[in-house]
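Me: Could you take me through this model, starting with the sheet and then its surroundings?

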Amino acid sequence: MKFSIMVSEGPYTHQASDTAYQFAKAALEKGHEIYRIFFYHDGVNNATSLTTPPQDDRNIVNRWSELAEAHNLDLVVCIAAAQRRGIVDEDEMKRHRKDGHNLAKGFRISGLGQLIEAGIDADRLIVFGD
């Protein structure tokens, strides 16, 4: 089966991110395909490279990046939600004349059209978060 996933809650504040990660990992291990993972609302906070949890805690951002690299996953961050929360890639940094960018490795910024496409092209769109 081909899944798309939407994560709408931030890491360390809600179980949704951890549960979505575990679901994606288990689905891939069982041979299913993940078409796209879309981060929306506070879920975009899963994509900031500035997250620095204590060393004895899980690094949720790094887990997503590593999973994406291992399985060639498409991790898409909603551009409007990201900019409102101070998350920009290099292009948006230049466009808005910011001092730096903080989009974590393996993520890309795009619009809601990517979420619609993910829902159309997957067999199931699963939402994690309120």
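Reply: The sheet comes first, then the helices, then two single residues. This is a predicted model, in which local features need pLDDT of at least 70, side-chain atom pairs count only at pLDDT 80 or more, and totals for chains, interfaces and linings use all residues. Residues are numbered from 1 along each chain as its sequence is written, and side-chain values use heavy atoms, with hydrogens and water left out.

Me: What is the strand order in the sheet?

Reply: The open sheet has 5 strands in the order β4-β3-β2-β1-β5, with parallel pairing. Strands (E, at least two residues) and helices (H or I, at least four) are DSSP runs numbered from the N terminus, and two strands pair if DSSP finds at least two bridges between them.

Me: Which are the edge strands?

Reply: They are β4 and β5 (124-128), each of which pairs on one side only. From one strand to the next, the twist averages 25°; axes for such angles are lines fitted to C-alpha atoms, for helices over the stretch in contact, and angles run from 0 to 180 degrees between N-to-C directions.

Me: How many bridges join β1 to β2?

Reply: Strand β1 (residues 2-7) is joined to β2 by 6 bridges, and the two run parallel. S4 has R36 in β2 as its bridge partner.

Me: And β3, are its faces covered or open?

Reply: Both faces of β3 (residues 75-78) are covered, with L75 and V77 buried on one side and V76 and C78 buried on the other. Buried means under 20% relative accessible area, exposed over 50%, and partly exposed in between (1.4 Å probe, protein chains only). In a regular strand, side chains alternate between the two faces of the sheet.

Me: Which strands does β3 pair with?

Reply: β3 pairs in the parallel sense with β2 (residues 33-39) over 3 bridges, where F38 stands opposite V76. The chain crosses from β2 through helix α2 (residues 60-71) to β3, a right-handed β-α-β crossover; right-handed here means that, with the strands pointing away from the viewer, the path from the first strand over the helix to the second runs clockwise. β3 also pairs in the parallel sense with β4 (residues 107-110), over 4 bridges, and L75 stands opposite F107 there.

Me: Turning to α2, what covers its buried residues?

Reply: The cover includes β1, α1, β2, β3 and β4. The buried residues of α2 are I60, V61, R63, W64, S65, L67 and A68.

Me: What happens at the two ends of α2?

Reply: At the start, a side-chain oxygen of N59 reaches to within 3.3 Å of the backbone nitrogen of V61. After α2 comes N72, whose phi is positive, near 55°.

Me: Where does α5 lie?

Reply: Helix α5 (residues 113-121) lies across β1, β2, β3, β4 and β5, running at about 155° to β2. Helix α1 (residues 16-29) lies across β1, β2 and β5, at about 165° to β1.

Me: Now S8: is it buried or exposed?

Reply: S8 is buried, because its relative accessible area is 4%. S8 lies in the loop between β1 and α1. Not counting residues up to four places away in sequence, S8 touches Y40, H41, D42, G43, F128, G129 and D130, where contact means heavy atoms within 4.5 Å.

Me: Why does I79 count as partly exposed?

Reply: I79 counts as partly exposed because its relative accessibility is 26%. I79 belongs to helix α3 (residues 79-84). Leaving aside neighbours within four places in sequence, I79 is in contact with E92, I109, S110 and G111.

Technical notes: Polar contact = N/O pair within 3.5 Å; in protein donor to acceptor, adjacent residues only side chain to side chain.
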